[in-house]
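Please read this note with the structure open beside you, and look up each residue as it is mentioned.

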Amino acid sequence: MGTARAQRRAFDRDEALEVALREFWLHGYETTSVASLTRAMGINPPSLYAAFGDKRQLFSEVVQRYAHTHGSYVTRALAESTARGVVETLLRLAAAEYTDTSHPPGCLVIHGATNCTPAAEDVKVELRAFREETKRALEERINADIGAGRLHEGTDAGALATFYAAVLQGMSTQACDGVDREGLERVAETALNAWPDERAFRGSPEPGVE
């Protein structure tokens, strides 16, 4: 009995998790069935349940894996020293990641629960929490720059963070529609032109003063 159980569990868990990630990324949470998951992972349902719990638990683990691998560009961008640097790095890295042909296009956290029914509301909530966390981090960095005098004190940090979060979501959708990296980089450049002009509140130089 013990040997048979070991044979059923004889698969690379990390590799199976990556396969599951791609399945959810391609098809979304609700459309991805246990049957399609086990078929792609090369295991039987009992092995999936033993290794990952049910489909819902597997999805949560997949999302965590995504955040630390394909979605790690958010963490890398937040390492920049200014809010402007964070946003620029975030958009440029997203343009590259969303169009990387080695995996499905776009962002799992943005599109993984787009067409879910009310029965999967908790999945929507989980992914929304990830998106809101990124938006909150952007707002905090913008507020920090306002406090440091890099941006005008009247800057609406919440609106600015929401704007760039919306740009990211739009870029992901465009990537799913087939727009390539160059096209998304043009979108990023256009969005960066909307960044508040830091010189605008410092006043123009006095006549004759360079």
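The numbered points below go through two helices, some salt bridges and a histidine in a loop.

1. Please keep in mind throughout that this is a predicted model, so that every value below is computed from predicted positions.

2. I would begin with helix α9, which covers residues 121-147. With 27 residues at 1.5 Å a residue, α9 should span 39 Å, and because its end C-alpha atoms are 38 Å apart, the expected span and the computed one agree. After the helix comes Gly-149, a residue with a positive phi, near 85°.

3. Which residues of α9 are buried? They are Val-123, Glu-126, Leu-127, Phe-130, Thr-134, Ala-137, Leu-138, Arg-141, Ile-142, Asp-145 and Ile-146, and you will notice that charged residues such as Glu-126 and Arg-141 are on this list beside Leu-127 and Phe-130. The cover over these buried residues includes α5, α6, α7, α8 and α10, of which α8 is made of residues 108-111 and α10 of residues 157-176.

4. Two salt bridges involve residues of α9, and they are worth describing separately. In one of them, Glu-132 pairs with Lys-135 at an N to O distance of 3.2 Å; both residues belong to α9 and are three residues apart, about one turn of the helix. Glu-132 is partly exposed, because its relative accessibility of 31% lies between the cut-offs of 20% and 50%. In the other, Asp-145 pairs with Arg-150 at 2.8 Å, again from N to O. Here Asp-145 is buried, with a relative accessible area of 3%, whereas Arg-150 is partly exposed at 33%.

5. A salt bridge within helix α7 (residues 83-98) can be read in a similar way, since Glu-88 and Arg-92 both lie there, four residues apart and about one turn of the helix from each other. An α-helix has 3.6 residues a turn, so residues three or four places apart point the same way. The closest N and O atoms of Glu-88 and Arg-92 are 3.2 Å apart, and each residue is partly exposed, with 28% for Glu-88 and 28% for Arg-92. In total, the structure holds 14 salt bridges.

6. Helix α5, residues 55-68, deserves the check made for α9. Its 14 residues should span 20 Å at 1.5 Å a residue, and its end C-alpha atoms are indeed 20 Å apart, so the two values agree. At the start of α5, a side-chain oxygen of Asp-54 comes to within 3.2 Å of the backbone nitrogen of Arg-56. The buried residues of α5 include Leu-58, Phe-59, Val-62, Val-63 and Arg-65, and among the elements covering the buried residues of this helix are α2 (13-27), α3 (34-41), α4 (45-52) and α9.

7. Gln-64, also in α5, is partly exposed at 39% relative accessibility. Its C-alpha atom is 9.8 Å from that of Phe-130, although the two residues are 66 residues apart along the chain.

8. Finally, please look at Glu-18, which is linked with Asp-14, Arg-22 and Arg-65 in a network of salt bridges. The side chain of Glu-18 also makes a polar contact of 3.1 Å with that of His-70. His-70 lies in the loop between α5 and α6 and counts as buried, because its relative accessibility is 14%, under the cut-off of 20%. Leaving aside residues up to four places away in sequence, His-70 touches Glu-18, Leu-21, Trp-25, Glu-97 and His-103.

Terms used
Residues are numbered from 1 along each chain as its sequence is written. This is a predicted model: local features need pLDDT of at least 70, side-chain atom pairs count only at pLDDT 80 or more; totals for chains, interfaces and linings use all residues. Side-chain values use heavy atoms; hydrogens and water are left out. A salt bridge is a side-chain nitrogen of Lys or Arg within 4 Å of a carboxyl oxygen of Asp or Glu. Helices (H or I, at least four residues) and strands (E, at least two) are DSSP runs, numbered from the N terminus. Buried means under 20% relative accessible area, exposed over 50%, partly exposed in between (1.4 Å probe, protein chains only). A polar contact is a pair of N or O atoms within 3.5 Å; within protein, one must be able to donate a hydrogen and the other to accept it, and residues adjacent in sequence count only if both atoms are side-chain atoms. Contact means heavy atoms within 4.5 Å. The expected span of a helix is 1.5 Å times one less than its number of residues.
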